[in-house]
Amino acid sequence: MKAKLLTQALSKFVGGVVLVGAMLFWPAGSWSYWNGWLFMGVLFIPIMALGMWMLLRSPELLRKRLGAKESQTEQRWVVALSGAMFVASFVVAGLNFRHGWHTLPEWIVWLAVGLFLLSYLLYAEVLRENAYLSRTIEVQAEQKVIDIGLYGIVRHPMYAATLLLFLSMPLILGSLISFIITLTYIPIISIRISNEEQVLEEGLAGYKEYKQRVKYKVIPYVW
């Protein structure tokens, strides 16, 4: 069973490397786009490490992360819009390098690398705390409200981690224009959170009380 899961994970990993590489280096028109190589490294090396950790420690969680598909029409639109955002951001970053529209200072690039890696640590901690975590919006059998650790600070720490992760991506790529494009993730994820909380309130015992205890969704004292 683990061999099949490993094969599935590797195929998605290799496909992701090829797809992201194509979206960056083809528009850039050059293999010398160093921001692209830097981004590929900080993106895919932690993904591989996290995937291996889930395979060894929590294969069921990895299976859910790999095989999940949204069933709700509203959430399929959210996924589609997120995908379009990423494509636009990556392609524009490559074009930005080719045409030299606007290059961010290196200190911003390296600061973004630090934020990106920090967001991965937060994401890994969310995975450790919440065994019910899924890529789709659903209430699982015997699911319980998680209110410890990061879940005691905000209700959706996974989205907090992905927000930091996604907004640091275009900065690593050195493109201010791509960063502006990626800001559209905020309204996109807001729609997803609203729908998710509705599903959890209706199907997960104790979630309404949890919302009263933990006031903030994503960013303490802000959102």
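Visitor: Is glutamate 125 buried or exposed?
Guide: In between: with a relative accessibility of 24%, glutamate 125 counts as partly exposed. Buried means under 20% relative accessible area, exposed over 50%, and partly exposed lies in between (1.4 Å probe, protein chains only).

Visitor: Before I go on, what kind of model is this?
Guide: It is a predicted model, where local features need pLDDT of at least 70 and side-chain atom pairs pLDDT 80 or more, while totals for chains, interfaces and linings use all residues. Residues are numbered from 1 along each chain as its sequence is written, and side-chain values use heavy atoms, leaving out hydrogens and water.

Visitor: Back to glutamate 125, then. Which side chain does it meet in a salt bridge?
Guide: That of arginine 128, at 2.8 Å from N to O. A salt bridge here is a side-chain nitrogen of Lys or Arg within 4 Å of a carboxyl oxygen of Asp or Glu.

Visitor: Why can side chains pair like that?
Guide: Side chains of opposite charge can pair when their charged atoms come close. Here glutamate 125 and arginine 128 are about one helical turn apart, because they sit three residues apart in helix α5 (residues 106-129). Arginine 128 is exposed, at 55% relative accessible area.

Visitor: How many salt bridges are there in the whole structure?
Guide: Five. One of them joins the side chains of aspartate 147 and arginine 213, 3.1 Å from N to O. Aspartate 147 lies in the loop between α5 and α6 and arginine 213 in helix α9 (residues 207-213), so this pair ties together parts that are 66 residues apart in sequence. Aspartate 147 is partly exposed, at 36% relative accessibility.

Visitor: And what does arginine 155 form a salt bridge with?
Guide: Glutamate 197, with the closest N and O atoms 2.7 Å apart. This pair also links distant parts of the chain: arginine 155 is in the loop between α5 and α6, while glutamate 197, 42 residues away, is in helix α8 (residues 185-203). Both arginine 155 and glutamate 197 are buried. They belong to a network of salt bridges that links Arg155, Glu197, Glu201 and Lys211.

Visitor: How many helices and strands are in the chain?
Guide: Nine helices and zero strands. Both are DSSP runs numbered from the N terminus: helices are H or I with at least four residues, strands are E with at least two. As for burial, 44% of the 223 residues are buried.

Visitor: Where is serine 89, and what does it touch?
Guide: Serine 89 is in helix α4 (residues 73-99), and it counts as buried at 3% relative accessibility. Leaving aside residues up to four places away in sequence, serine 89 touches Pro170, Ser178, Ile181 and Thr182. Contact means heavy atoms within 4.5 Å.

Visitor: New topic: what volume does the second largest pocket have?
Guide: About 170 Å³. On a 1 Å grid over the protein atoms alone, a pocket is an open set of points where a 1.4 Å probe fits, with protein on both sides within 12 Å along at least five of seven lines.

Visitor: Which residues line the second largest pocket?
Guide: Among them are Leu122, Leu150, Ile153, Val218 and Pro220, and lining residues have an atom within 4 Å of a point. Helix α6 (residues 157-172) gives the largest share of the lining, five residues.

Visitor: How many nonpolar, polar and charged residues are in that lining?
Guide: Twelve nonpolar, no polar and no charged residues. Ala, Val, Leu, Ile, Met, Phe, Trp, Tyr, Cys and Pro count as nonpolar, Asp, Glu, Lys and Arg as charged, and the others, including Gly, as polar.

Definitions and conventions. Grid points are joined across faces, edges and corners, and a volume is the space filled by probe spheres set on the points.
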